[in-house]
Each structure stands twice: as structure tokens, then as C-alpha cells.
Amino acid sequence: MSGATVPLAVPDRPISGVALTIVIVLFVLVAALGFVAARWRREEATGLHSLDEWGLGGRGFGTWVTWFLLGGDLYTAYTFVAVPAAMWATGAVSGFFAVPYTIVLYPIVFLLMSRLWSVSHRHGFVTPADFVGGRYGSKALSIAVAVTGIVATMPYIALQLVGIKAVLTVLGLGSAQNVLLTDLPLIIAFVVLAAYTYTSGLRAPALIAVVKDLLIYLAVIVAVIYLPIKFGGWGNIFDSAEAKLATVNPATGKPAGVFIPGAGSYSAYWTLALGSALALFMYPHSITGVLASKSRNTIRKNAAVLPLYSLMLGFLALLGYAAIYAGTKPIDLNGAVNPQLVVPQLFLDHFPDWFAGIALAAIAIGALVPAAIMSIAAANLFTRNIYRDLIRPDAKPRQEAHVSKIASLVVKFGALVFVIAMDQSAAINMQLLGGIWILQTFPAIVAGLYTRWFHRWALFGGWAAGIVYGTVAAYTVVNPVTKANFGGSIAAIPGTDIQVYIAVVAFAINLVVAAVLSLVFHAMKLPDGKDITRSSDYGADEHDPKVAEIQREYPLGEPGGPAF
Amino acid sequence: MFSPDVPTRGPARSGPYVIAGILLALAIVVPLFVPAYSVDEPRLAGMPFFYWYQMAWIPVTAGLVGISYWLVTKEDRRRREAVRGMAGAKEEQ
């Protein structure tokens, strides 16, 4: 480390003045941008007083803005911090699966999301639960989707905070001596984030995502060229990773990790990739990014250009191996090893302070952007599918925007409490659990885009079965080192010893239950809900007329209509 | 009770959709077939095959999705024009 160093409460973690100054300057710049975003492409007549404006940025983002927004949305602290940390700690199966995951993601997005865009555009749907409610005429089902979305998003937001905290810790901020002091920088960063999200809605993360990406690309490209040269080539890096991962862990009696998956972990590897890919666009924040775009083809075009980010993801993951070669020591404030600190520490150890400052700012901002989008998406779910559907069916757009703003604050502070109160490694596992849960909304949403064959109560039954199995199976996975429940997301398929991602088994159970119950309920002639969509809705584009006004005249829960 | 169902697109030709479907299926199935690439050799600039092969699929997928985009939007445009023709060449855009 070069540059000025100032001692702080923890003697072995000095503050790097130059790096810290650069992080603060960039953070202030980004915060200012967040507030300015309120005026960006704003409808003069209505301001931001509707969910379309506040929560979806006016539904007018073109290919470029959508590219940055979705990039900012999908490549988060999970990518920048958690994946390289997993590579550093346990290798390919727990980390590098993210590469095939983000490869197979885009063909899936291409197939599914343009239809969801079309039908949502016509009916003014803001959330995935809006679509499910409209398609199946079932409040129970739409609330199930909404609650799943909110619950699964919370730990994901918490994970972003873990990322920001990792950067702050490495910079030398915070202290182990007092809880408030430890988290004060994080709380300040978060209050600023909450303030500009409240003011500007989805426009803030959309605008900030541009800055975030420029910084991240700069940091990653420089690191990927400079570090291998410094360390004598990728060959050295991979060899040291192979050696470290082969070391036997005394706690488990097994190797520390997997360098190249053997036959026994093939199924874990590909189910983690496929399950994550199917789950990602069920998350409310991904769907928010989709619905904020201007036209049907914006999404498809993005499915072809977004993989560029995956290349960056792959190299970032490999930085976890570079850190093994470099002997990076990710020691947390309490003296314990915290793998989440690996990438920030690597930058601080091997680059001039000013460049480390840029890279660390990029990681922190890269966590702020998705945190903002996620809190907006969760707030929209609450407003539309709980507040409006259950409490105030006659809510005006202005009221909806107001409720959503408040809800976004509640969601964020909930996540903040989560991070301060809970163990950080738990946040990573909770995110994997989030994937198990959110995937259970897939049959209702995706099958609904193509067919109305499934019965609404059968989908509800499938959802419940998937959630119960997934939660129980994840709970029974015990971390071999800490002996804690929710210790991982991989378990054997019941009755076999094939190890797979729990989400995929839960999903299969969900589908089978939904199909069998549909046959039974159709045979019983159990009344099915009213479908307010028509086949032409699924191919509608930008300039086709909307039917939102008609929906308002004939709301879903009209007297005599099957509301439940 | 709702507005009449005005078709947004004319009848589809299956060709472009089938080809796009095959390309997209390739882009999903091949990267998930782990036994094909779970080996160390040959290395590329020191990087084991397992790692560089998967990274190499990123641009390939982008290409496959790009071709699908071109095929499908071309067909969509034709279908929209077909339906507009039926509706009496209504001026739009």
C-alpha cells in the first residue's frame, strides 16, 4: 500500500486517505445524480405522481438505458463480491456456475419476457403479481406471488448492503468496538440512497447505472490485464488455486473446494446454473427493468447484447483465484476471515490508492443501484397487490405512488436492520433461499404467458408445495463448519443421492402438483377465475392501444364476478 | 364488455420461429452439458479448458440470440404489416 495512511481504532486496518477521498467524491457525485434524475425525461403534466412514472420511470426507456438498467439490476454485489468470494473459498461449483447461469439466462429472457412486456403494456400491469391476478382472476394467487416476491427480495437487498459494508471495512471505516460506530458509514450511505430513491424513483438507479458501469468496466479491464502480468500469467494463478482447493479441510475431512467439477458434481453445477437462470427474471426487480422499457423489442435486443456483462462476470469470478495466488488476507474487523472482503482487499493491496479508490467506489455503487431497484420493485408489489387489492381498491395513481414511496423506505430499512443484526454469511445463504422461493412463482407467471390450461387453485397448490419442500430442504442443509441450518442450497433429490440445487427439485414438485391438480379440478368442474387478457395482448407493441382505462371501468372484483 | 379484440399480428409463418427456437435451445443446452467441458487440458494462456470454454460460449450465445432476434423481428414486422393491411392500411407511428 502506498499513499497516506492514518491509524484508526483498529490498529491493523489503517485508513487509506487517497482511496477513501476518491470513494467519498464519487459517492457524492452519484448521490447528486440521483436527485437530478427526478427531472430527467419527466412528464411535465403529471410529475412523478403515479406508479408508471415513479416506479417504472415513465415506461419509456430505450435500448441503451434498458441495457444499463438491467445490467445494474442483474450484476450486483452478488457478482462483484459474493461470486469471487465463493471462488476464493470453495472454487468452481459454488462460484463459477454463475457463468453458465448468465449464459443460458438470455435465451430464456428472449423467449419469455417480450410476451410479459406486451400484456403488461396493454393492461398497465406494474408487477408480475398484477399479471397473475389479471390472467387467473385469483387474488389468492396474485397475493402469493406478491408476498413471495417481497420476501425473496429482502435478503437480496441485504446482500447488497453486505457488499457495501465489505468496501467500507476494507477502507478502514468502522470499528469492532461499538455497534453503532461499525455501521455508521453504512447507515449514512443508506440514508442517502433512500432519499434519492424516494425523490426520483426508478429514474435514479437508471441514471446512476451508467456511471456504475463505466467505473466497473474500467476496474475489471485494468485488473484482468494488470494482475496476471504482475503474477506471471494465468497459469500461475490457476495452479495456486488448484493447490489450495485440493487442500483437505480438517473440519469436514474433504477437499476445501472444487477446481474442476468431477462426475459427482455435474448435476449440482448445471442445476445451480439453470435454476438461477430460471429464477432471476421472476424476481420483481428484473421484471421492473423489463416493464420500464419502451417497446417489446427493446427486451429482445437487450437479450442479445447483455451477455457482454457475463464476460465481465467471468473475469471477476477469476479474480477470486487471483486473490488465492496473491495471498490476500480478508480479515474482518473482529479478526475472523470474511471471504466477502477478498475482492476489495485485492484491489487495495495491488493497485495505487487512487485506482483502488475507483474500484472500491465501483463496487459500492454497483451495490447501491440494484438495492434501489429492488426496493422500488418490492414497494410496487406491496402497493399494487396488497394495498390496492386488499385495502384500498379505489386507490388513485397519486395515492399509489405515495404508498410506494413510503413502502420503499420501509423495505430498505428492513434490510438494513437485517444486515446489522444478522450474521453476514447468513445473508448469502438467504439469497440462495430467495432463489428457491422466487422460482416457485415461475409456473404461475410463465405458464400463464402461453396457456390458460392450469387451474388457478392448482397453481396455488403447486406454489405451496414448492415453497414448503424448498424451505424444509434448505433448512435441513447443515453447514459442516458452523453447524448452522440453511447452510447451503444443494441437496440430494429425495430417494437418490444425486446432488442438485434445491430450487430445481422444488420447481419440479411444483409443476407436477399444479398439473395433477389441474386435471382433478377441471374434472370436478371447480370454477376457474376470469381471464381479462386476450390472445392479441401477448403480441402487442409500443403503439398498440392500451386497455387500462377499460379495466378501471370494469375492475377485477366486480359484483357477481368470481373474485376468489 | 371489453374492447373488441383487434388482432395485433397476422397469422404466423412457423419457419423463422422454429429456427430461432432451435438456436435458442442450443444456447441453453450446450453450456449446461457439463461432461463435455469438465477437463483441465487443453489450456489457453494458462487457463484450463473448463474455464475458457465456458467464457467462450458468452459471445457465441450473444450471436445465437442476435440471429434469433433478427429472424423473429423480421417475421413480427411482416405479421404486423399484414394485419394493418387487413384493417385498411391504418396510419400508425
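## Briefing: the core, a surface patch and chain B

Chain B comes out with an average pLDDT (the predictor's confidence in each residue, from 0 to 100) of 82, and 82% of its residues score at least 70. This is a predicted model, where local features need pLDDT of at least 70, side-chain atom pairs count only at pLDDT 80 or more, and totals for chains, interfaces and linings use all residues. Residues are numbered from 1 along each chain as its sequence is written, chains are lettered from A and ligands numbered from 1 in the order in which they are written, and side-chain values use heavy atoms, with hydrogens and water left out. For the model, ipTM is 0.86 and pTM is 0.87.

**The core**

- The largest nonpolar core (buried Ala, Val, Leu, Ile, Met, Phe, Trp, Tyr and Cys residues joined through side-chain atoms within 4.5 Å) has 214 residues. Buried here means under 20% relative accessible area, exposed means over 50%, and partly exposed is in between, with a 1.4 Å probe and protein chains only.
- Its largest share, 21 residues, comes from helix H17 (residues 353–391) of chain A. Helices are DSSP runs of H or I with at least four residues, strands are E runs of at least two, and both are numbered from the N terminus.
- Phe96(A), Leu318(A), Tyr321(A) and Tyr51(B) have the most contacts inside this core.
- Contact means heavy atoms within 4.5 Å. Leaving out residues up to four places away in sequence, Phe96(A) touches residues in chain B including Phe50(B), Tyr51(B), Gln54(B) and Met55(B).

**Covered spots in chain A**

- In helix H13 (residues 284–291) of chain A, eight of eight residues are buried.
- Leu202(A) sits in the loop between helix H9 (179–200) and helix H10 (203–230) of chain A, and it is buried, with a relative accessible area of 0%.
- Beyond four places in sequence, the contacts of Leu202(A) include Trp54(A), Phe61(A), Thr288(A) and Ile376(A).

**An exposed end**

- Met524(A) is in helix H22 (residues 502–524) of chain A, and counts as exposed because its relative accessible area is 52%.

**Chain B**

- Chain B has two helices and zero strands, and 42% of its 93 residues count as buried.
- Of the chain B contacts with a separation of 6 or more, 62% are between residues 24 or more positions apart.
- Over residues 88–93 of chain B, pLDDT stays under 50. Where pLDDT is low, the predicted coordinates should not be read in detail.
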